[in-house]
Amino acid sequence: MFRAIFLFACALICAAPHIAHANPADGTQTFGDYIVHYSALSTLRLNTQMASRYHIERATNRGLLNVSVQKMAADGTTTAVGAEISGEAVNLTGQKTKITIREIPDLYVSYIGLYEVAAPDTYSFNLNIKPAGSERTFELRFSQNFVAE
C-alpha cells in the first residue's frame, strides 16, 4: 500500500507543470538545467547614465523587470542563453498590466520590461520563459513591494 501511494505521489510530481514560486529576496530560480535571474524595481533606482544607455524613462510610476537565463552544464559551469519571455504584473486590486519584454544589448543575454506602478502597492509577476533550445516553457511567479519614493 505504501509503495502504491509513493508511486502515485511521484507520478503527480512528474506530471505537474513546470511552475516555480520564487522568493524575490533571492532573485534566482532553477528549472532543471536552467537558472533564471530576475528583479523588479522602480526605474528611479537606476542612475541616469544607466537609464539613458538602455532608453529607460526614470519616473515614479514606472517599474523595471530584469531577467536573464543561463544553462548549467554537467560540470556546473553556466552559459547565458536567449529566451522567449512574456508576462504580466498584477497589483493587489487585480489590475493586470502586460509587460513588453525586450532583449538589451550587453556582454551577456539579458531582458528588460517596463510597466506602470502606482506605489505603494504589491505586484505579482507571472512570467513565461522558454529558453532557446528548450521545448519547455517555465512559469515563474514572484511578488515585489513598491514603496512611494
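These are my notebook entries on the fold, the nonpolar cores and the aromatic pairs of a predicted model.

**Entry 1: the chain as a whole**

I began with the secondary structure and found two helices and ten strands in the protein chain. Read from the N terminus, the order of elements is α-β-β-β-α-β-β-β-β-β-β-β. I then looked up burial: 36% of the 149 residues count as buried. The exposed surface of the chain comes to about 9200 Å², with 54% of it supplied by carbon and sulfur atoms. For contacts between residues at least 6 apart in sequence, I noted that 57% join residues at least 24 apart.

**Entry 2: the cores**

Next I looked up the largest nonpolar core, which has 26 residues. The members that touch the most others are Leu65, Val67, Tyr115, Phe125, Ile129, Leu140 and Phe142. Which elements give two or more residues to this core? I listed strands S3 (34-42), S4 (62-72), S6 (83-90), S7 (96-104), S8 (110-116), S9 (121-131) and S10 (138-146). Apart from this core lies another, of seven residues, and I wrote down Ala51, Ile56, Leu64 and Ile104 as being among them.

**Entry 3: Tyr115**

I picked Tyr115 from the core list for a separate check. Its relative accessibility is 2%, under the 20% cut-off, so Tyr115 counts as buried. I set aside the neighbours within four places in sequence and looked up the remaining contacts of Tyr115: Ala40, Leu41, Asn61, Arg62, Gly63, Leu64, Leu65, Ala89, Thr97, Ile99, Phe125 and Phe146. One of these, Leu64, is a member of the seven-residue core.

**Entry 4: aromatic pairs**

How many aromatic pairs are there? I recorded seven. In the pair of Tyr115 and Phe125, the ring centres are 5.3 Å apart and the planes stand at 70 degrees; the pair is edge-to-face because that angle is over 60 degrees. Tyr115 belongs to strand S8 and Phe125 to strand S9, so this pair ties together parts that are ten residues apart in sequence. I also checked Phe125 for burial, and its relative accessible area of 0% makes it buried. Both residues appear in one aromatic cluster, formed by Tyr38, Tyr115, Tyr123, Phe125, Phe142 and Phe146.

**Entry 5: Ser68**

Last, I looked at a residue of strand S4, Ser68. Is Ser68 buried or exposed? With a relative accessible area of 13%, Ser68 is buried. Leaving out neighbours within four places in sequence, I found Ser68 in contact with Ile35, Val36, His37, Tyr108, Val109 and Ser110.

Note on methods:
Residues numbered from 1 in each chain as written. Predicted model: local features only at pLDDT ≥ 70, side-chain atom pairs only at ≥ 80, totals over all residues. Heavy atoms only, no water. Core = buried A, V, L, I, M, F, W, Y, C linked by side-chain atoms within 4.5 Å. Buried < 20%, exposed > 50% of the residue type's maximum accessible area, 1.4 Å probe, protein only. Helix = DSSP H or I, 4+ residues; strand = E, 2+ residues; numbered from the N terminus. Contact = heavy atoms within 4.5 Å. Phe/Tyr/Trp six-rings, centres within 6.5 Å; stacked < 30°, edge-to-face > 60°. Areas by Shrake-Rupley, 256 points an atom, 1.4 Å probe, with all protein chains shown as cover.
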